[in-house]
Amino acid sequence: MNTANIILIERGIVKLLKNPSAPLMGFGMSLFFLLVYNAGIGGIGSMEAFGTGGYLSFVFPITIISLAMGSSAGAGQTLNADMQSGYFKRLYLSPAPRWILVIAPMLADIISSMIFTILLMVIGAIFGVRFQFGFMSVLGIVLLSFLWSLTLCGFSAGIMLRTGQHQSAAIVTNAVFPLLFLSTTFLPRELITADWLLAVSWGNPVTYILEGNRYLLGGTSSAGFFFIGLLIFAITSILSVTFALLSAKKIKI
Amino acid sequence: MTAEIQIHRLFKKYPNGTEALKGISLEIQKGQFFTLLGPNGAGKSTLVKILTTLINKDSGYFIISGIHPERNQSKIQKIMGVASQDNEIDPTEKVENLLVFQGRLFGMMKPEAAKRANELIQLLELEKERDKKASALSGGNKRRLHCALALVHRPRILFLDEPTVGMDPVARATFWEVITQLNSKEGVTVFLTTQYLDEADKHASEMALIVDGKIQYSGTIFDFKKMVNPNSIMSLDDSYLQYVKTISNRESSNN
């Protein structure tokens, strides 16, 4: 990687550190979910369907998902600030490849998301979350989380680049939010009584990241969910990065 | 002399139907101080944007320093510096940091970029502002910083699109001193567009006049003045006004 690319990624990280509201909001929201749900309804974890990890391990994937949802707007905000100030044009006129101007703030976002994911896992472990396959579980969760973050971040940045309004970076989070409730977020499939909800959850990509993580944590799900989840979010990541890069071409300089 | 910028039959039409450039051809020699003049909306900024690879042309071609910019964009960016009409500054960064970052973006190592930033801070009299955030600078100092950013990587060709808009007279004088020195001592080619014709008259030697997307004149400033009024050489300002008036009268009578 050439120097220009590296320093643009560095700049993205520094920007995030100077204005950490987006990742901190995501982290705060995740911790809130972890503590409140476990405290409120953790008792039902003694049911067999929750596996040996209990409700804490069951609910933990939601905190991972929320983390990226809360922090995915960071890249969009950096790009928006650069466009508003005109600085994006100066970067555009540098020898750095133009794709890196969009990818760098996204990478910064994802690096921050990964750091907070690991921090959440440490907190989770302290609280008693069980990692079924030890280090391999940690790696698997980081990988799923990376693809999930990349998906949200790319679509967020792309929408922001097309609309030119920083508020629009939150559109993706708002669009994804209902999907959380149409999945196995709060209860395992065995305990969901509405057939329509079960049917919808099968077609909902969020189910695969939730269940994939649960396979790695408490072992309540199957490996199939994990691998299908990887495939789905590898595809959505490619689509979202492509969308962001194509959106960069639509910018009026 | 070698042509530093060769432009051949450039056409550009915007999606709203505006034909900004209608077959522009020009040659700017290495080390020349060239100015492109024309009324608002004539196509000056469009031409600069195309030459600096900010937007694409529809047809025709241009070569800069023997390189086709569309084939080797990053090579072209390394040899050109651009200061356009609007300030392109990150307001959250300090003056010195912005200059160092700009140098590093163009491949300089950190110590070299820091040294160059220091030189430009002194050259453009920004010493007192060095540690201030760009957002805290006065309008004139923002322009100085904007222009300094275009010079960090020691470009061989400078595109200056209305560079002194918003500068106070002192800042303007300092700026021109720097640019004319770069042109005369270091042989930097300057491509200037400006509405301040006194500045063009004072510093440039060659010019082109663009009206409604077409080049109406291309040559030396002196020859232009002589062409407009052979009996008494006027200022560029007066010659320009007279010439543009003649063109517009000619076009009205044709219509």
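Start your tour by selecting Asp90(B) and Lys15(A): they form a salt bridge, with the closest N and O atoms 2.6 Å apart. A salt bridge here is a side-chain nitrogen of Lys or Arg within 4 Å of a carboxyl oxygen of Asp or Glu. Side chains of opposite charge can pair when their charged atoms come close.

Before moving on, a word about what is on your screen. This is a predicted model, in which local features need pLDDT of at least 70, side-chain atom pairs count only at pLDDT 80 or more, and totals for chains, interfaces and linings use all residues. Residues are numbered from 1 along each chain as its sequence is written, chains are lettered from A and ligands numbered from 1 in the order in which they are written, and side-chain values use heavy atoms, leaving out hydrogens and water. The predictor gives the complex an ipTM of 0.87 and a pTM of 0.84. Chain B has a mean pLDDT (the predictor's confidence in each residue, from 0 to 100) of 91, and 99% of its residues reach 70 or more.

**Stop 1: where the chains meet**

Keep Asp90(B) and Lys15(A) selected, and add Arg11(A) and Asp82(A): these four residues are linked in a network of salt bridges. Now show Phe101(B) too. The charged end of Arg11(A) sits over the ring of Phe101(B), 6.0 Å from its centre. For a charge to sit over a ring, NZ of Lys or CZ of Arg must be within 6 Å of the ring centre and within 35 degrees of the ring normal.

Next, select Glu10(A) and Arg104(B), whose side chains meet in a salt bridge at 3.9 Å, N to O. Why does this pair join two chains? Glu10(A) lies in helix α1 (residues 3-18) of chain A and Arg104(B) in helix α3 (residues 95-105) of chain B, so the bridge runs from one chain to the other. Helices (H or I, at least four residues) and strands (E, at least two) are DSSP runs, numbered from the N terminus. Arg104(B) is buried, at 19% relative accessible area, whereas Glu10(A) is partly exposed at 39%. Buried means under 20% relative accessible area, exposed over 50%, and partly exposed in between, with a 1.4 Å probe and protein chains only.

Zoom out to take in the whole contact (heavy atoms within 4.5 Å). It takes 26 residues from chain B and 20 residues from chain A. Together the two chains bury about 2200 Å², 55% of it on carbon and sulfur atoms; buried area is the accessible area (1.4 Å probe) that two parts lose on being put together, summed over both. Highlight Leu54(B), Glu88(B) and Leu105(B): in chain B these lose the most area to chain A, together 30% of what that side buries. How many salt bridges are there between chain B and chain A? The count is six, while the whole structure has 17 over all chains.

**Stop 2: bridges within chain B**

Select Arg130(B) and Glu96(B), a salt bridge with its closest N and O atoms 3.3 Å apart. Arg130(B) is in the loop between α4 (110-123) and α5 (139-151), and Glu96(B) is in helix α3, 34 residues apart. Arg130(B) is buried at 18%; Glu96(B) is partly exposed at 22%.

Then move to Glu119(B) and Arg154(B), another salt bridge with 3.3 Å between the closest N and O atoms. Here helix α4 is linked to the loop between α5 and β6 (157-161), across 35 residues.

Stay in helix α4 and pick Arg116(B). Is Arg116(B) buried or exposed? Its relative accessible area is 9%, so Arg116(B) is buried. Leaving aside residues up to four places away in sequence, Arg116(B) touches Met108(B), Leu151(B), Val152(B) and Arg154(B).

**Stop 3: the aromatic rings**

Switch to chain A and select Trp202(A), Tyr208(A) and Phe225(A), which form one aromatic cluster. Rings of Phe, Tyr and Trp (its six-membered ring) pair if their centres lie within 6.5 Å; planes under 30 degrees apart count as stacked, over 60 as edge-to-face and the rest as tilted. The rings of Trp202(A) and Phe225(A) have centres 5.8 Å apart and planes at 20 degrees, so this pair is stacked. Trp202(A) is partly exposed at 45%, but Phe225(A) is buried at 7%.

For your last selection in chain B, try Arg172(B) and Tyr196(B): the charged end of Arg172(B) sits over the ring of Tyr196(B), 4.3 Å from its centre.
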